[in-house]
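The following paragraphs lead the reader through one structure, beginning with the confidence of the model and then turning to its architecture.

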Amino acid sequence: MPMNTGAMRNRMDGRRVTAILGPTNTGKTHLAIERMLGHRTGLIGLPLRLLAREVYDQVVKRVGADQVSLVTGEERIEPEGSRFQVCTVEAMPASSDADFVAIDEVQLAANLERGHFFTDRLLHLRGRYETMLLGAETVRGTLEQLLPGLAVTSRPRMSKLTYAGAKKITRLPPRSAVVAFSADEVYAIAELIRRQRGGSAVVLGALSPRTRNAQVQLYQSGEVDFLVATDAIGMGLNLAVDHVAFAQERKFDGHQYRRLTPAEMAQIAGRAGRHMRDGTFGVTGRVAAFEEELVEALEAHRFEPVKALMWRSRDLDFSSIESLRSSLDCASGDRLLTKTPPATDQIALDGLSERPAIARACTDARAVELLWDVCQTPDYRKISPGAHGDLLGSVFLDVHEHGRINQDWLAKQIRMTDRTDGDIDALSNRLAHIRTWTYLSHRKEWLDDAPHWRDATRAIEDRLSDALHQALTKRFIDRRTSILTKRLRENAMLEAQIGDGGAVIVEGHLVGHLRGFRFNADASATGHEAKAANAAAAKALTAEFDKRSTRFAAAPNGDIALGEDAIVRWLGEPVAQLAASEESALKPGLIVLADSQLAGAALEKVRSRLERWLGHHIEQVLRPLVEMSRDQTLEGMARGLAFQLVENLGIIARPQVAGELKELGQDARATLRRHGVRFGAYHVFVPQLLKPAPIRLIALLWALANDKLTAPELVEVPAISASGRTSVEIDGSHAREFYRLAGYRILGKKAVRIDMLERLADLIRPATSWNEGDDGPTPEGAVGGHCFVVTPAMMSILGATHEDMQVILNELGYRGQPRPAQEVLPALPDEPAKGPESDEAEPGGLSEAGPSEADPAGAAPADPAPCPTAEGAPKNSDQTCPDGDDDAETPQTVIVWRRAARTRGRARQSQEPGRRRPAKRGPKRGASAKKATQSRSTRPAKADSGPDPDSPFAKLAELKDSLTKSDG
């Protein structure tokens, strides 16, 4: 069948062309370099700029930097008079007079996005004496048809490639490369490897050569054992990889997500095993195990042949934009050469041609050719086609209208990238931007002072590259774990020491701290990292534990402290924890907090010192309880009461021991008083234990014995006592026992300090003991008949309002009854009650005089008698009740308090010895009121600070005056 003219035009003479074909690790690239250096001049094209940089470095080592040029899309190193040129395929010149030309990885001519560049170069670019095409066997048939006379040499792989199956990422062998196809996936895998294996190097095609070389060096030097990369490693990068693991098998090829072809997988898997060393490949992560047919194809290097190459016409018509677009869209007419889909440059041309300003400017072939030239600027930024078009449009209009790119605009764009702060993504984004300006800086015909811009963009790119390398290293490599893992794998003796503050240093790296007698690995260490740190540190700690135990045994008491969390600390470091004991709350157990390295005699020294300190600490803080528990002179009821006080940690409600107190003689009481016991009206307690330090320790010991160490009230309630509050609203979520331990009694919704209740008893006792006809002045608040009214002094010591006093007195066993104000008027205080100025007192403070040992509240509390006019009582006072008239300005009744009647059947509480019995009821209320008034009038006048004329007490005062005048 005759061949059409288009096909004949694309078939080139292949008689001076040699194709070196074969799988990876056949030495094809190495052979090409050797052949090139055998000629006077040479040109070699490579698929990636990273590989181009690698080959450039190799050639420079052989012949010197002044003899070699490097040309990529964004990097140009062109010494004058250089003989050898290393390029990316896209950057290769359309024609060359070099003696030798080589094109690597020619099977990429079938790639949808970039294939047409490879096809164009292999069809049209020739060396004067030798041309060499390097690639896979899959492209052999197509090359032989396109290049008649082509000499083909097949090279076998120098090592064996074997499938190793599926492995978890954390189980991959050292010297493994993990392959993924997106930056996000690469970073996620690298982060996992850092946590589990110490770190990995990262290689992506988007990295600058400087960053990529620095990352590869980390891997090649053995500082890390893992490499996470995109398929960039499949294009000839020579790395010491033993195993390749596919973490993904699908990629986006610019048009769709698809599974890699077997040939593409082989190109990547073939990186394992270099030269004569065998390699393995497999899958990891969420990738399913490879099918048997695929495995056989990869191991035997047998794949479907390439049937056609991507092609785009190089004969372009620049007479107009439409003519250019038509020439780009024409077909090859050859079944072996398939028209490529629109590439980035063609898409940019289509977009710009629709802009009126661009269309008006393209009136001749020169302008159209310039537009096409500008459209070939790579879209490194990858923002959007529109954003890329805006950039290209600005460049084109500047060059077309002014012959040069506007320098101010260019300088502004470059300055925006000159920052090295930010994370990996920010640095990568700036690098992508500077790559665009680096590319444009090499277009010397478009710029004034092009060398200046090349130097400026290169300096910025270098700074960004270094910053990105540091960021990648910091995020994905734990140098500490990497070194420890390597040394442990080598079974080497690690150099370890204990630094200041207990810092454990191994091989110069901080791996943790020695806290007391426990080693705490660095918080950032997990998994394999933590194991390495612990194993390394353990070698240095045994001797240190012996030294520390000796120092601790001789430590003064002041260096040891007990915290509210029941932890004993030595110089701030935890060394022991209290534990509940079956003996007594005052004798808790001890658990030494230490690693296994503290053992034998050293452990016994630590335990003995802890037990001595704890016993001394409890004895010092809770001395009255400790001494009572040891006092062998106590007998009978005194001994029993002392036992109860110790068991109740120093506080007992008086009704609980009323029977014992009845039988307790004065001598026994005196013995207990020597231990600090006080027999109060409402409680039997030890005032010395109502101070902050004893309260905290008592609460801790009780919480320890009752499994309440985590209760928030363990800290909060003692803190209330330490603040000096005489009363406080209770928190319903708190255990009530904590209030008792802190020296408070719960009365309604209030918790009142028990020492303040005893002071209240001191005020109530004389008022209830007074009767009409008694000699001397009338006690404040006394109304006769064993009754009293609430006074400002009572409210002040409790920090309570009238409403609070009602609840408190009811709970204490008193009953309030409303009485006519005229009957009780002399007993009302001269000064109106303004409420307490402060609800605070010295923590644990007691009045020096102390209350008598009478028990005004010994009987069980009774419900208070309701005020018959409670609904009409003034809101701001429960001292008085109106007579039923809501609009009355002057209160007509006053609440009078007396002891509640004893409940039938309840044991009658006897009076304490020495208590004064109340006198018989005296004369009638009227005479007593007059006598009391006369008695009160003899008192020294109090300074009048000017009462509030609107208060109920001011009204009562006015009523008293009017009654006095009427009696007179």
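Over residues 831-888 pLDDT (the predictor's confidence in each residue, from 0 to 100) stays under 50, and the model has 142 contacts beyond four places in sequence for this stretch, a contact being heavy atoms within 4.5 Å. Residues 904-946 likewise stay under 50, with 48 contacts beyond four places in sequence. This is a predicted model, in which local features need pLDDT of at least 70 and side-chain atom pairs count only at pLDDT 80 or more, whereas totals for chains, interfaces and linings use all residues. Residues are numbered from 1 along each chain as its sequence is written, and side-chain values use heavy atoms, with hydrogens and water left out.

The protein chain as a whole has a mean pLDDT of 82, with 81% of its residues at 70 or more. Confidence is highest in strand β6 (residues 100-103), at 97, and lowest in helix α32 (residues 925-937), at a mean of 39. The chain holds 33 helices and 37 strands; these are DSSP runs, helices being H or I of at least four residues and strands E of at least two, numbered from the N terminus. Of its 968 residues, 49% are buried, that is, under 20% relative accessible area with a 1.4 Å probe, protein chains only.

One open sheet has three strands in the order β27-β29-β28, with antiparallel pairing; two strands pair if DSSP finds at least two bridges between them. Its edge strands, β27 (651-653) and β28 (678-679), each pair on one side only. Strand β28 is joined to β29 (residues 683-685) over 2 bridges, and Phe 679 stands opposite Val 684 in β29. Helix α22 (residues 636-647) lies across the strands β27, β28 and β29 and runs at about 110° to β27, the angle being taken from 0 to 180 degrees between N-to-C directions of axes fitted to C-alpha atoms, for helices over the stretch in contact.

The largest nonpolar core has 72 residues, among which Val 568, Leu 622, Met 628 and Leu 672 touch the most other members. Such a core is a set of buried Ala, Val, Leu, Ile, Met, Phe, Trp, Tyr and Cys residues joined through side-chain atoms within 4.5 Å. Helix α25 (residues 692-705) gives the largest share of this core, 9 residues. Beyond its neighbours within four places in sequence, Met 628 contacts residues including Ala 642, Leu 645, Val 646, Leu 672 and Val 677.

Notes
Buried < 20%, exposed > 50% of the residue type's maximum accessible area, 1.4 Å probe, protein only.
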